[in-house]
Amino acid sequence: MRSLRPIVHDTGSLLAGMPALMPGENYTTPDNLEEVKDSNSKSALERYIYKLKVVSPDQRYVKIVMEKARELGEDLSETDVKVVALALQLNALLLSDDYGVLNVAQALGIEWKSVRTKGIDGNIKWEKFCPACKRSYPPEYKVCPVCGTVLKRRVRGKRKRRRDG
Ligand SMILES: [Zn+2]
């Protein structure tokens, strides 16, 4: 048998606890791990952190992903770009529920799987927050209007499940 293909998890996959279920090598980026740690639902992390390899992608793969995202008109966050770049670099299976991430991955020929089969956009809600003054903002904000700091992304505490579609 061939060795198992490595798996790269984005933040949604980490929050869903997927690394606990997947055999073989499980990877994520430092940025994704930080997003999970910033979230209010990080308890699953303790169950699999021991088997998670945390790796930053090489800059040349980051560039390839950024160019493809631009070409497709996908407004990916820096974290999104890095996780796709890592999957490309490792020739890995990418686990994500983010349409933008999956769209770019698909265009680059990366094999991917969705973590959930239903209600993708209803499960995880993002918000931006200011690491300096701790204020929260809607996801489309990029810079803190109060203090000018570049905002970071995190999962909003309360998750609602919708049953449409
Ligand atoms: Zn601020």
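**Figure 1. Crossing of helix 2 and helix 5 in the predicted model.** The axes of helix 2 (residues 30-38) and helix 5 (residues 78-90) come within 8 Å of each other and cross at roughly 130°. Helix 2 is therefore oblique to helix 5. On the helix 2 side, the contact is made by D31, N32 and E35. Helix 5 contributes E78, T79, K82 and V83. By residue class, this contact divides into four charged, two polar and one nonpolar.

**Figure 2. The open five-stranded sheet.** The strand order is 3-2-1-4-5, and the pairing is parallel. Strand 3 (52-54) and strand 5 (112-113) stand at the edges. Each of these two has a single partner strand, so one side of each is left without a neighbour in the sheet. Strands of a sheet pair through backbone hydrogen bonds, either parallel or antiparallel. Three bridges join strand 2 (residues 26-28) to strand 3 in the parallel sense. T28 has V54 of strand 3 as its bridge partner.

**Figure 3. Helix 5 against the five-stranded sheet.** Helix 5 packs on this sheet and touches strand 1 (7-9), strand 2 and strand 4 (93-95). The direction of helix 5 makes about 175° with that of strand 1. Angles over 145 degrees count as roughly antiparallel, so the directions of helix 5 and strand 1 are roughly antiparallel. Helix 5 is also the partner of helix 2 in the oblique crossing of Figure 1.

**Figure 4. The open three-stranded sheet.** Here the strand order is 7-6-8, with antiparallel pairing. Strand 7 and strand 8 are the edge strands, each pairing on one side only. Strand 6 (residues 126-129) pairs with strand 8 (residues 152-155) in the antiparallel sense over four bridges. Across this pair, F129 stands opposite K152 of strand 8, and E127 stands opposite R154 of strand 8.

**Figure 5. The hairpin of strand 6 and strand 7.** Two bridges join strand 6 and strand 7 (residues 136-137), again in the antiparallel sense. K128 has Y137 of strand 7 as its bridge partner. Six residues lie between the strands of this hairpin. K134 in the hairpin takes a positive phi near 70°.

**Figure 6. Helix 4 and the residue just after it.** Helix 4 (residues 59-72) has 14 residues, which at 1.5 Å a residue should span 20 Å. The end C-alpha atoms of helix 4 are 20 Å apart, in agreement with that expected span. Just after helix 4, G73 takes a positive phi of about 75°.

**Figure 7. L21 in its loop.** L21 lies in the loop between helix 1 (11-15) and strand 2. L21 counts as exposed because it has 10 C-beta neighbours inside 10 Å, and the limit for exposed is 12 or fewer. The C-alpha atoms of L21 and Y48 are separated by 8.9 Å, although these residues are 27 apart along the chain.

**Figure 8. The whole chain, for orientation of the close-ups.** The protein has seven helices and eight strands. Of its 165 residues, 35% are buried. Among contacts between residues at least 6 apart in sequence, 56% join residues at least 24 apart.

Technical notes: Residues are numbered from 1 along each chain as its sequence is written. This is a predicted model: local features need pLDDT of at least 70, side-chain atom pairs count only at pLDDT 80 or more; totals for chains, interfaces and linings use all residues. Axes are lines fitted to C-alpha atoms, for helices over the stretch in contact, and angles run from 0 to 180 degrees between N-to-C directions. Angles under 35 degrees count as roughly parallel, over 145 as roughly antiparallel, 65 to 115 as roughly perpendicular and the rest as oblique. Two residues are in contact if their C-beta atoms, placed from the backbone, lie within 7 Å. Ala, Val, Leu, Ile, Met, Phe, Trp, Tyr, Cys and Pro count as nonpolar, Asp, Glu, Lys and Arg as charged, and the others, Gly among them, as polar. Two strands pair if DSSP finds at least two bridges between them. The expected span of a helix is 1.5 Å times one less than its number of residues. A residue is buried if 20 or more other C-beta atoms lie within 10 Å of its own, exposed if 12 or fewer, and partly exposed in between; C-beta atoms are placed from the backbone.
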